Amino acid sequence: MHNPLEQFVIDRIVPINVAGHDISFTQSSLVMVLGVALTALLMLAGIRKQALVPGRWQNVSEMLYEAVFGIVTENLGEEGKKYFPFVFTLFMTVLMGNLLGLIPYSFTYTSHIIVTGALALLVFGMATLIGLWKHKFHFFSLFLPKGLPFLMIPLIIPIEVISYLSRPVSLSVRLCANMMMGHTMLKLIAGFSASLIMLGFGLKLVGILPFFVNVALMGLELMIAFIQAYVFAILTCIYLKDAIELH
Amino acid sequence: MEPQVAKIIAAGLAVVAVLGPGIGLGILFGNIISAIGRNPSAADAVKSTGLIYFALIEALALFALGMAFFFIYAV
């Protein structure tokens with residue numbers, strides 16, 4: 001049986017080498033470009049008619065917009081609307097990455113820890129920098145919850161700092177592990193089906209049973225694609241809120 | 001002990017850690033169902049909040065499963 005982790009290997013489509021650094025155009029880059037193109041197409045096709053009762057394209061665009069807008073206004077309030085383009089871009093990036101990977105023979109760029117790590121570091125860095133810019137040194141009062149007995153303070157501060165620093169780690173690993181495990185499970189069970197049909201001792205039709213499990217798993221993966229994008233956007237808003245209004 | 005045997009044993013031990021999130025998810029969903037039962041008009045809010053926290057807990061189960069695959073294929 002083939003190694004189910006082999007599907008995450010990156011192939012170069014157009015090798016580009018600049019001063020010893022490898023910045024080739026890979027299949028991951030191709031899917032990223034496709035994701036951007038699809039997002040732009042979806043949003044632009046949505047505003048074409050601008051009817052009061054939305055048609056199909058406009059309905060989808062409005063649903064995506066309202067989902068992210070609800071998250072942003074609920075967590076960051078009215079003045080949080082300026083963070084909406086950032087959160088919407090993040091949401092669409094993660095959503096396109098998750099969804100385009102479900103197409104057979106395609107590639108999931110969010111299943112690589114370097115991509116999700118970069119996104120999570122961007123969110124964490126932006127939240128910390130905004131907090132530092134806005135509150136200067138008072139930002140570090142984030143690590144000291146109110147109403148603590150004085151003796152517990154040297155115990156609580158390292159715990160709070162570590163839990164703050166673990167945010168980008170958990171954010172990136174959650175998305176990467178979900179995507180990687182989902183696709184690995186799909187390939188594993190498809191491998192069962194292939195093995196059963198190849199080695200079937202007379203009863204080759206048994207090989208179709210893992211296929212039904214795969215169908216259900218594909219439905220689960222579709223749901224998880226949306227949920228993970230939604231959770232990424234919500235956690236971004238929560239981290240921004242923590243940095244802006246220190247509790 | 002050969003490396004191959006140790007890898008498989010390590011993977012088996014790593015999957016035992018999926019027990020914790022399993023129990024956690026059971027508690028979470030039980031509370032969601034009883035909350036919807038007590039107050040059916042809050043079903044939407046409970047469901048959307050529950051979905052977010054489901055993803056957060058599921059991440060822990062996936063950390064464990066990821067380590068298991070890591071031990072088999074990538075060490």
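**Two exposed residues, the overall fold of chain A and its contact with chain B**

K136(A) counts as exposed, because 9 C-beta neighbours lie inside 10 Å. The cut-off for an exposed residue is 12 or fewer such neighbours. The model is predicted. K136(A) sits in the loop between α4 and α5 (153–199) of chain A. The backbone of K136(A) has a positive phi of about 50°, although K136(A) is not a glycine.

Y105(A) also has a positive phi, of about 70°, and is not a glycine either. Y105(A) belongs to the loop between α3 and α4 (113–135) of chain A. Is Y105(A) buried or exposed? Y105(A) counts as exposed, because it has 6 C-beta neighbours inside 10 Å.

The two loops belong to a chain with 6 helices and 4 strands. Which pattern do these elements follow along the sequence of chain A? The order is β-β-β-β-α-α-α-α-α-α. The strands thus precede the helices in the sequence. Residues 24 or more positions apart make up 63% of the contacts in chain A with a separation of 6 or more.

The overall dimensions come next. The C-alpha trace of chain A spans about 75 × 55 × 45 Å along its principal axes. The radius of gyration of chain A is 22 Å. For a compact globule of 247 residues, a value near 18 Å would be expected. Of the 247 residues of chain A, 27% count as buried.

Confidence was examined along the chain. The mean pLDDT of chain A is 87. In chain A, 98% of the residues reach 70 or more. Where is confidence in chain A lowest, and where is it highest? Strand β2 (residues 17–18) of chain A has the lowest confidence, at a mean of 81. Helix α3 (residues 84–100) of chain A has the highest, at 94. Where pLDDT is low, the predicted coordinates should not be read in detail.

Chain A also touches chain B. The contact takes 14 residues from chain A and 12 residues from chain B. On the side of chain A, α5 and α6 (209–244) each supply at least two residues. Which element gives the largest share of this side? The largest share, 8 residues, comes from α5(A). By class, the side of chain A that touches chain B has 8 nonpolar, 5 polar and 1 charged residues.

Definitions and conventions:
Residues numbered from 1 in each chain as written. Chains lettered and ligands numbered in written order. Predicted model: local features only at pLDDT ≥ 70, side-chain atom pairs only at ≥ 80, totals over all residues. Rg over C-alpha atoms; globule rule 2.2 N^0.38 Å. Buried ≥ 20, exposed ≤ 12 C-beta atoms within 10 Å, placed from the backbone. Contact = placed C-beta atoms within 7 Å. pLDDT = per-residue confidence, 0-100. Nonpolar A, V, L, I, M, F, W, Y, C, P; charged D, E, K, R; others polar.
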